[in-house]
Amino acid sequence: MKFNFKSSYLVLGAVILIVLLLFGGRMFKILKPGEKAVIFKPYTTGLDKDNIFGEGFHVIAPWNELEIYNVREQQREETMDVLDKNGLSVNVDVTVRFNPSYSKIGFLHEQFGVNFVNVLVIPEVRSSVRQVAGRYTAEEIYSTKRAEVEQSIITETKKALSANFIDMRALLIRSINLPAQIKGAIENKLQQEQEALAYEFRLKREESEAERRRIEAEGIANYNRIINASLTDNILTQRGIEATTSLAESPNSKVVVIGSGKDGLPIILGNN
């Protein structure tokens, strides 16, 4: 029987075509920019957590599975009601930006799977916000310690996500809202405190000014006492004589009567 090579090639080509049609979608994978993947080998070694597939064209055995992850930065917005230290309800709007750790896709897939955002990220954000809010009063959360509250939420959320293979890029507190009655009471209290501080400032300023004037008056009084104590009759007479001598030596015409003034000081009668 003569062997027909042409027929064999046709059969082989047909088999290859059938295989490609049946398994091509499982064998040939293209990862787009911003995607990474790990391979799962169900019949041999299982999940390969150490080898990460980057963007581009990849060929895998049809019985293996390629788990693809979006590793671009993602953003989620959450609105939640939490309780403060005293059990009052506080509404918080949060935005979190994150992405999976590039080299830890396998570990993330093993523990949380491709639905990690809903299984891990959102619950951790909510948990951190609730825990932090429970350590402060509504007034502190809303106004007096708001920056401290925000920083605590950021620090604790980032720590929790990092421990689970997520890089948190940012967490923003968009708004903190209280029930209208509580908000009004807090704002009224803060206004009264500001008015009290302003009054205290004015009072201290006036006290400082009064103290300055008192010290100034004491200085003037002490100066006068020292001067008065040093001005004896002889010194006054001497000063009068010196002044009279200076006037007598001036070029202006005058008449000086010696010994006719008080305490025997000269009197200047004329001055042209």
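## Elements and the position of Lys49

Strands here are DSSP runs of type E with at least two residues, and they are numbered from the N terminus. In this predicted model, Lys49 sits in the loop that joins strand 3 (46-47) to strand 4. With a relative accessibility of 22%, Lys49 counts as partly exposed, because that class begins where the buried class, under 20%, ends. Although 59 residues separate Lys49 from Leu108 in sequence, their C-alpha atoms are 9.0 Å apart in space.

## Nonpolar surface patch

Phe28, Ile30, Phe57 and Val59 together make a nonpolar patch of about 420 Å² on the surface. Strand 1 (28-31) and strand 4 (56-59) are the elements that contribute two or more residues to this patch.

Phe28, which belongs to strand 1, has a relative accessibility of 34% and therefore counts as partly exposed.

## Internal cavity

The count of cavities of 30 Å³ or more comes to 1, and the largest cavity holds about 50 Å³ of space. Its lining consists of Val92, Val129, Ala133, Ile141, Val149, Ile153, Ile173 and Ile176. By class, the lining of the largest cavity has 8 nonpolar residues, with no polar and no charged residues.

Which elements each supply at least two residues of that lining? They are helix 3 (116-133), helix 5 (146-162) and strand 8 (166-177).

Definitions and conventions: Residues numbered from 1 in each chain as written. Predicted model: local features only at pLDDT ≥ 70, side-chain atom pairs only at ≥ 80, totals over all residues. Heavy atoms only, no water. 1 Å grid on protein atoms, 1.4 Å probe; cavity = no way out; pocket = protein on both sides within 12 Å on 5 of 7 lines; lining within 4 Å. Points joined across faces, edges and corners; volume = space filled by probe spheres on them. Helix = DSSP H or I, 4+ residues; strand = E, 2+ residues; numbered from the N terminus. Nonpolar A, V, L, I, M, F, W, Y, C, P; charged D, E, K, R; others polar. Patch = residues over 30% accessible without salt bridge, like charges linked within 9 Å, V, L, I, M, F, W, Y side chains within 5 Å. Areas by Shrake-Rupley, 256 points an atom, 1.4 Å probe, with all protein chains shown as cover. Salt bridge = Lys/Arg side-chain N within 4 Å of Asp/Glu carboxyl O. Buried < 20%, exposed > 50% of the residue type's maximum accessible area, 1.4 Å probe, protein only.
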